[in-house]
Amino acid sequence: MTERLTIFSTIDDLRNASDEVLINGIDAVGREVVLEYILELRRNVQPTQFGPPIICPAPPTLPELPLDQLCIRENTASENQAARSKSSRNQIKFTACFKNSTKSAVDLIWKNYGGEEELVRKNLQPGDTHKQSTCLTHPFIARDSDTRKLQSFLYNTKTSAVFEGLNFGVPHNGSVTVSICEGKFEDIEPELPEQSYNAVEKDQTAEELASKSKSHNAYKSFTARFKNNTKSNIDLIWKNYDGEQVIVRQDIEPGVTHAECTYFTHPFIARDSATQQLRSFSFNSITSVVFEGNNFGVKRGGDVVTVGIC
């Protein structure tokens, strides 16, 4: 095999290609080949010219449980999801009409900026509705008024124990009807609506946004090709599960690209190597100082996307 590849048709092509050829010709790689190659790399990662890669911890493997314990595990998972959720600043509003489709009265609860539960509507009766003006990044939960058991939300074929407009793909400045129902919870991964917005709001500085970001467990991975479009060297940084900054690669020179296999809910920031000033990421008509696959509209596991640092 020569270095003049025009397409990578098998995984052997990828194994034998140099890093430079692989990066420059990544757009010619078939999706299935990329998926196989990424899985191989995750099983047996080798150092490259970029130095030892940062290996993000994999999500924990759930143990197999007897059938009579599945409901306990399901309730625990949904409670954990509800406990982690909290509101973040956002100026894009919409109206949610919550309909109680269960057979019991429910309490509708908003998770505030500190993650605390604030009662919005108490004893919403079966069949009744409650209209609520809210923002895309404000989460809600619903509990049975008597048993305090979490209920689920259903909208646009998606169900979750936590309703947040951004994660359910609601239209901007629109009005949607959301059902509160009983049944199995399906934890959904955040998915950005087609009409995206700039993540840096007027009332939130870039450094505040960067400091609050941290990684969460996810099961879908993709490859991000970070290209330095600035005139200075850049440090690429991953925010780990505790929100700490972990340097992925230092001194990325202008025009140079760094490829990183990551997960949909793992955020990155970029700083000027000399001044440590935050830089922004640009992809899919979205610009933000924090890059996270979910919030930039990366759609599928195994995708390879090019993200500009500017």
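Biologist: Which residues form one aromatic cluster?

Modeller: Phe222, Phe226, Phe264, Phe268, Phe281, Phe291 and Phe296 form one aromatic cluster. This is a predicted model, in which local features need pLDDT of at least 70 and side-chain atom pairs count only at pLDDT 80 or more, whereas totals for chains, interfaces and linings use all residues. Residues are numbered from 1 along each chain as its sequence is written, and side-chain values use heavy atoms, with hydrogens and water left out.

Biologist: What makes two rings a pair, and how many aromatic pairs does the count come to?

Modeller: Rings of Phe, Tyr and Trp (for Trp, its six-membered ring) pair if their centres lie within 6.5 Å; planes under 30 degrees apart count as stacked, over 60 as edge-to-face, and the rest as tilted. By this rule the count comes to 14 aromatic pairs.

Biologist: Why is the pair of Phe153 and Phe163 called tilted?

Modeller: The ring centres of Phe153 and Phe163 are 5.9 Å apart, which falls within the limit for a pair, and their planes stand at 45°, which fits neither the stacked nor the edge-to-face range, so the pair is tilted. Phe153 lies in strand E6 (residues 152-155) and Phe163 in the loop between strand E7 (158-160) and helix H5 (165-168), so the pair ties together parts that are ten residues apart in sequence. Helices (H or I, at least four residues) and strands (E, at least two) are DSSP runs, numbered from the N terminus.

Biologist: How do you know that Phe153 is buried?

Modeller: Buried means under 20% relative accessible area, exposed means over 50%, and partly exposed lies in between, with a 1.4 Å probe and protein chains only. Phe153 has a relative accessible area of 0%, so Phe153 is buried, and Phe163, also at 0%, counts as buried by the same rule.

Biologist: What kind of aromatic pair do Phe226 and Phe268 form?

Modeller: Phe226 and Phe268 form a tilted pair, at 5.4 Å centre to centre and with 50° between the planes. This pair links distant parts of the chain, since Phe226 is in strand E9 and Phe268 in strand E13 (residues 268-272), 42 residues apart. Both Phe226 and Phe268 are buried, and both belong to the aromatic cluster.

Biologist: What makes the contact of Lys122 and Asp107 a salt bridge?

Modeller: A salt bridge is a side-chain nitrogen of Lys or Arg within 4 Å of a carboxyl oxygen of Asp or Glu. The side chains of Lys122 and Asp107 meet at 4.0 Å, N to O, so the pair counts as a salt bridge. Lys122 in strand E3 (residues 117-124) and Asp107 in strand E2 (residues 106-111) are 15 residues apart, and the pair links distant parts of the chain. Asp107 has 2% relative accessibility and therefore counts as buried.

Biologist: Which salt bridge do Arg148 and Asp107 make, and how far apart are they in the chain?

Modeller: Arg148 and Asp107 meet in a salt bridge of 2.7 Å, N to O. Arg148 is in the loop between strand E5 (140-144) and E6, and Asp107 in strand E2, 41 residues apart. Arg148 has a relative accessible area of 34%, which lies between the two cut-offs, so Arg148 is partly exposed.

Biologist: How do you know that Glu117 forms a salt bridge with Arg143?

Modeller: The closest N and O atoms of Glu117 and Arg143 are 3.2 Å apart, which is within the limit, so the pair qualifies. Glu117 lies in strand E3 and Arg143 in strand E5, so the pair ties together parts that are 26 residues apart in sequence. Glu117, at 41%, is partly exposed, whereas Arg143, at 9%, counts as buried. Salt bridges that share partners join Glu79, Glu117 and Arg143 into one network, and the count by this rule comes to six salt bridges.

Biologist: Why is Asn156 called partly exposed?

Modeller: Asn156 has 46% relative accessibility, which lies between the buried and exposed cut-offs, so Asn156 counts as partly exposed. Its place is in the loop between E6 and E7, and its phi is near 55°, a positive value in a residue other than glycine.

Biologist: Where is Lys158, and why is Lys158 called buried?

Modeller: Lys158 lies in strand E7, and its relative accessible area of 18% is under the cut-off, so Lys158 is buried. Lys158 and Gly169 are eleven residues apart in sequence and 9.6 Å apart in space, C-alpha to C-alpha.
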